[in-house]
Amino acid sequence: MVIDWLPSILIVVLLLLGVIGMLRRASLWRAGQPEKVNIIAGLMAMPGRYLKDLHHVVERDKYMSKTHVATGGGFVLSMVLVLVVHVFKVQQQIVAWALLGALLLMLVGAFFVFKRRLNPPERLSKGPWMRLPKSLITFAVTFIVLTLPAAGILPEGTGGIALIMVLSIGVIIGLGELLFGMGWGGPMKHAFAGALHLAFHRRPERFGGGRSTGLKPVDLTSAVIGVAKPSDFKWNQLLGFDACVQCGKCQAMCPAFAAGQPLNPKKLIQDMVVGLAGGTDANYAGSPYPGKEVGQAKGNPNEIITAGLVSQETLWSCTTCRACVEECPMMIEHVDAIVDMRRFLTMEKGETPNKGSEVLENIIATDNPGGYAPGSRTNWAADQNLPVMKDKKEVDVLFWVSDGAFDMRSQRILRAFVKLMKAANVDVAILGDEERDSGDVARRLGDDATFQSLAKRNLATLGQYKFNKIVTTDPHAYHCLRNEYADFDKDGALAGVEVLHHTTFLNQLVQSGALKLDAFKGGKVTYHDPCYLGRYNGEYEAPRDLLRSLGIEIAEMERSGFRSRCCGGGGGAPITDIPGERRIADMRMEDASATGAELVAVGCQQCTAMLEGVVEPRPQVKDISEILVDQLIEEVH
Amino acid sequence: MSDIIRRDPRAEWIMRNRLHPLHEQYASQEEGGEVRGPSGLIRKFPHKVGFIGPNGIKRIDRLKGNATAPKGKRSAAAQEVQLPLHKVDSPDYYIMVVADMVGGRLTGHDKDILGLAHKLIAEQGGNGAVVAVCFGEVKEEHFDTAGVDRVLHIEGEAFEGYAPEARVQALAKVEAQYTVKHWLFPDSIHGGCDLASRLAARLGERPATQAWQVNAEQTVSRGASASLDITRQTPKILMLLEECADAIDETRHEATPMSLDDVSVAAATIKDKGLMAVDPNAIPMAEAEFILSAGNGIHNWDQFHEAAQVLGATEGASRVAVDDGFMPRSRQVGATGTWVTARVYVAVGISGAIQHMQGIGQVDKVVAINTDAGCDMVKRAALSVIGDSEEILAELMKLVAEHKQTSLSDQAEENSNAA
Amino acid sequence: MPHKVISLISVGRHPQSGRSRRADQDSRAVELGLKLAGTGLDVVHAGNSEEPVLRQYAGMGLPKVTVLEQAESADALPALSNYLKAEKADIVLTGVRSESGESSGMTPYLLAEQLGWPIVARVADIVEIKDGEAQVLLALPRGQRRQVTVKLPFIASIDNAAQAARQSAYGPGLRAKMAAQTGSTEEDNVRVNWSEAPAKARPKRLKVVKAKTAADRFKAATAKPQGGSGKVMKNESAQEKAQAIFDLLIEEKVIR
């Protein structure tokens, strides 16, 4: 009887429609620029990446991780078995029982999804996502009933045509969401796009506990530099946008969003999806960019993004703190996308806002953002008796001073660090006036041409000398030297050189006993993790070890470690200065004050400047080297 | 009480014993270093007299600060003493100094150049005379002591206001009528540079610009945005920087009027439509000469804006005031904002973060209004008043309003006198 | 009828680093030119077409830069004046003084003299062009402005008070065309006899006290040194404090 076959036919039809949708979706991604990816290896590695890396992130929310394992695992298993039982009609009860088990597992999971959706937190998107648990339950229940005869629990043909009709509707609803929706842009798209995204991720180094945070260099000879239109992204970046589950974890962590600046990482990724598929954001059902209405944005793969899809202020609000990337369970690269679009604005349109153009011009003309005379770079060290590489040629430790050399506040940090190194008898030298800006600000502001030029010239200078380590007090320069210069280091100027942040280096000195320190006697101390030290380079422990070595018990802030909140000073944000409702630095200082600390220890001159810019009364702000130097026991010779 | 002056042995003992706990107290009672001696006579205590001079050497002012009073009289008398008159009869050549005459009076820059003109004549020898060429309204009364041998005042409606074309035609006629050895102009933004360049182009002479070391043979001038010293033969037309020579101050000069025969000029292609009223707040901060700047200590913003308007000052702000949204970002003064060059900078409620101090590094006079006497801005300021800014600004506005009233009536008086 | 606007550009020099850059006033002249003529603006440089700084100018959105190819020592005037005559320019915009070389600021004046055109110096803005006349704002010290009208064609030198130049974008600058023409070969013979050296710091004039009497000399010797911390008023009444500030403002002549 045909009617008996109806559910099976529906399964096959929806499966086929789903596959067609998926192929169409894939063709949308292929509108992006080519990028070499090892397809086979990626697909092979995908399950491992899913089970290990992705779940490592999801695991931070135990409720959701268990729910997802039950629902997702149950679905994949039952889908396979559904095909076996209901399409290929394998008549073995054991398989049917296995299917029932899988469906029950999924049903339990779906129930917990349903429960979460009863009163969803603000970060979650609503709209079609509210329907998902119901579709999941419909799917599970429908197939449980449909499988009961195969499992021998109910006799074949129970319920007659009426039940089959009801079940067919159930199949349409359930599979319509889960298979058809997967291919045609429903919430379940995340499973299909997400799986492929994991397989073809642009930064495969991130899997297996690795870290890949350096920005990718842009091709300066291409017809359009940077990303103007959605189709200017690499194809696997587009794929990555499609993987978004709209969980809003990024939005909850984004400092710009919290400060009321017009940026919401989740909305940004969804706008990219609108851009790659064409259309408007009218169906977006999550939080908007603060201060901007939803429904106005429209775009398509070949339209300029900033001409209607995303406003420029949104792109310039980002501090590149990477909190969103760190938090994203789908491992989407928000910061890469933002900087790619900034590159177009800066290098093609010349529209870096506010002080941006002035700073870039200064960097080009003087190799430092302040426009100071390059010959005055070493003035701060006039009384420091520091040897210069030009004279020494060979040294153990090269101290990369960074542009803090021009800032009177940062010079205090530099002096403190020099004093510590002298106390530990470190064989150290600086580049002196030969040093240039690392290019961090230029790169984050989208001027990759200037960054590349600085990187090449700095590398040429470094290549003339021999040293074992580079140490710097500036996490931004540290990040550039350690993670981004390698792309331009053709002559191996940094090959075999250990790049260290000063806290790491000082920690080594303290551990080895080269530095003798007194116990700290001040009040409560908290530690602020600089983004470019923590999230970008994974150094969370050395600064804490140092503080502990002074006998300090750190009063941790609620957002610390990999969840540390940005000070607002990264990514050129203080330069582009997009107005919000409040300042990020003020929010961070509130975090610090909430611990009751009297002193905020910091490992970055930019963070120091930002946090000290908060109006008093507030805790004191000191770089770790400044705290250490106060406790230094100087040996009298 | 008896009139007998009695010794107080205890007080004397304390005065002698510098370690006595009351010594300071007794010593400070002896005002002006005067001590009652053992015989009852008043004696000077030499260790307490005088003060430490600028060179670290102790000085005793026996006039007790009265030295200035008689000095005024004396210098008044000295002015009556006539400076020697420098006379030039029928000169062989002239050195023309085309003065800026800002506001109708010689500027310091003009006077330096007049001094240089005399230096050139002294070096070159011969019977040369220094001529001040001026256009438009002239209010200067002391041409004689500024070193002007002859005054060539070119008058006429065509030369009033902004009339570079008419003026350069007149100068070309001067060149034709007189034997001119050098044309000296101030290299200034008050028109001297413009006029000089026009004349040089007209006469086909190659001028020296931004000249700062000039003698009869050689001129050193700046080039390449003041990064280069160019040494060359002294040309006929020179545009001179400030302080290129010392002004004349020891001689008196004739300042005899000269005249230009033909003052007719062709119709101008550039027409002056007058000065524009400029809102002080529209002046770019980096250029403004008087800035009233607000910081965290301001609570009454309406009053602050009103004060800026009454004083005619350009508004500035500290970073905090900008961050809090009270002032636009373009008003921020400091390392990350604008570096200002104002002559007077009034910082209201700004404690002076290091970045802010960097931004006002080039300011001449800083006035601080603050509640905290220990803040960095007070240390930097030439004048600091400690107190509530609202009250002080209100008083200040009152004073300025009164002043404007009186100066307006003064002006009216002057005008009626002139009429 | 759109007017033919030509901006003349030169190689600038950064005041701190001494490195080549787009000159401040010249780039403002380009900005003003773009405002007046849009993409119809013709930007002309006399010198080397390989000069990288030209790309910085082009990055302001110029599809093409006209280069009158000539040696650095050659005199730019004949080539420029021929070009301006041939192109029938209406408005020529230049900087006030170049940032490199002699920096005499004579180029616009000599061009004007040769072409017989009027020149307006230190222009802050060109407001309107109507009936063969342009309404021009001149920059005076401390932000003041003077309004003048001038007949076309004319030359204007652009002051630092004019609208700041837009940001230079790398991509368009890289792709702009350098349209080279032959420039002049006339050498600058006068300059050969000059000697050039890095600028020496000028000594600041000290206050010379020509004391005639002992009392004057004494006063000069004992006068309190300038500087140090200023006067601090704490306990006076608000009125007295305001008076002190007021006196200072009057003394500094910022209140008239």
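B:Cys244 is buried, at a relative accessible area of 8%, and it takes part in no disulfide. That fits the wider picture, since a search of the whole structure turns up zero disulfides over all chains. Keep in mind that this is a predicted model. For chain C, the mean pLDDT is 86, and 93% of the residues reach 70 or more.

**Cysteines**

- For B:Cys244, the nearest cysteine sulfur belongs to B:Cys193 and sits 14 Å away.
- A:Cys318 is in no disulfide either, with the sulfur of A:Cys324 as its nearest cysteine sulfur, 6.2 Å away.
- Is A:Cys318 buried or exposed? A:Cys318 counts as buried, because its relative accessibility is 7% and the cut-off for buried is under 20%.

**Chain C as a whole**

- Chain C has seven helices and 13 strands.
- Its radius of gyration is 25 Å, well over the 18 Å that the globule rule gives for 256 residues, so chain C is more spread out than a compact globule.
- Along the principal axes, the C-alpha atoms of chain C fill a box of roughly 70 × 45 × 40 Å.
- Of the 256 residues in chain C, 48% count as buried.
- About 12600 Å² of chain C is exposed, and carbon and sulfur atoms supply 50% of that area.
- Looking at contacts in chain C with a separation of 6 or more, 67% come from residues 24 or more positions apart.
- Where in chain C is confidence lowest, and where is it highest? The low end is helix α6 (residues 214-222) of chain C, at a mean of 70, and the high end is strand β10 (residues 154-158) of chain C, at 94.
- As a general caution, where pLDDT is low, the predicted coordinates should not be read in detail.

**Helix α3 of chain C**

- Helix α3 (residues 77-87) of chain C has a run of buried residues at its start: C:Leu77, C:Pro78, C:Ala79, C:Leu80 and C:Ser81 are buried.
- Further along α3 of chain C, C:Tyr83 and C:Leu84 are buried too.
- What covers the buried residues of α3(C)? The cover includes strands β1 (5-9), β4 (42-47), β5 (64-69), β6 (91-95) and β11 (177-182) of chain C, along with helix α4 (107-115) of chain C.
- Right after α3(C) comes C:Lys88, which has a positive phi, near 50°.

**Backbone oddities elsewhere**

- The peptide bond from C:Leu152 to C:Pro153 is cis, with omega near -15°.
- C:Pro153 sits in the loop between β9 (145-151) and β10 of chain C, and β10 is the strand with the highest confidence in chain C.
- C:Ser103 is not a glycine, yet its phi is positive, at about 55°.
- You'll find C:Ser103 in the loop between β6 and α4 of chain C, two elements that also help cover the buried residues of α3(C).
- C:Ser103 is buried, with a relative accessible area of 2%.
- B:Ser90 is another non-glycine with a positive phi, at about 30°.
- The loop that holds B:Ser90 runs between β5 (85-86) and β6 (93-98) of chain B.
- B:Ser90 counts as exposed, at 61% relative accessibility.

**B:Lys273, a link from chain B to chain C**

- B:Lys273 lies in strand β16 (residues 270-276) of chain B.
- At 48% relative accessibility, B:Lys273 counts as partly exposed.
- Which residues does B:Lys273 touch, leaving out those up to four places away in sequence? B:Lys273 touches C:Gln147, C:Val148 and C:Thr149.
- Within chain B, B:Lys273 and B:Tyr162 are 111 residues apart in sequence, but their C-alpha atoms are 8.8 Å apart in space.

**Chain A: domains and A:Pro619**

- The domain assignment splits chain A into domain 1 (2-192), domain 2 (217-349), domain 3 (367-509) and domain 4 (511-630).
- Taken over C-alpha atoms, the centres of domain 1 of chain A and domain 4 of chain A are 46 Å apart.
- A:Pro619 is in the loop between α25 (605-612) and β9 (620-623) of chain A.
- A:Pro619 is buried, with a relative accessible area of 8%.
- Its contacts beyond four places in sequence are A:Met589, A:Ser593, A:Ala597, A:Glu598, A:Leu599 and A:Val600.
- A:Lys524 is 95 residues from A:Pro619 along the chain, and their C-alpha atoms are separated by 9.7 Å.

Methods: Residues numbered from 1 in each chain as written. Chains lettered and ligands numbered in written order. Predicted model: local features only at pLDDT ≥ 70, side-chain atom pairs only at ≥ 80, totals over all residues. Heavy atoms only, no water. pLDDT = per-residue confidence, 0-100. Helix = DSSP H or I, 4+ residues; strand = E, 2+ residues; numbered from the N terminus. Disulfide = S-S within 2.5 Å. Buried < 20%, exposed > 50% of the residue type's maximum accessible area, 1.4 Å probe, protein only. Rg over C-alpha atoms; globule rule 2.2 N^0.38 Å. Contact = heavy atoms within 4.5 Å. Areas by Shrake-Rupley, 256 points an atom, 1.4 Å probe, with all protein chains shown as cover. Domains from an automatic or database assignment.
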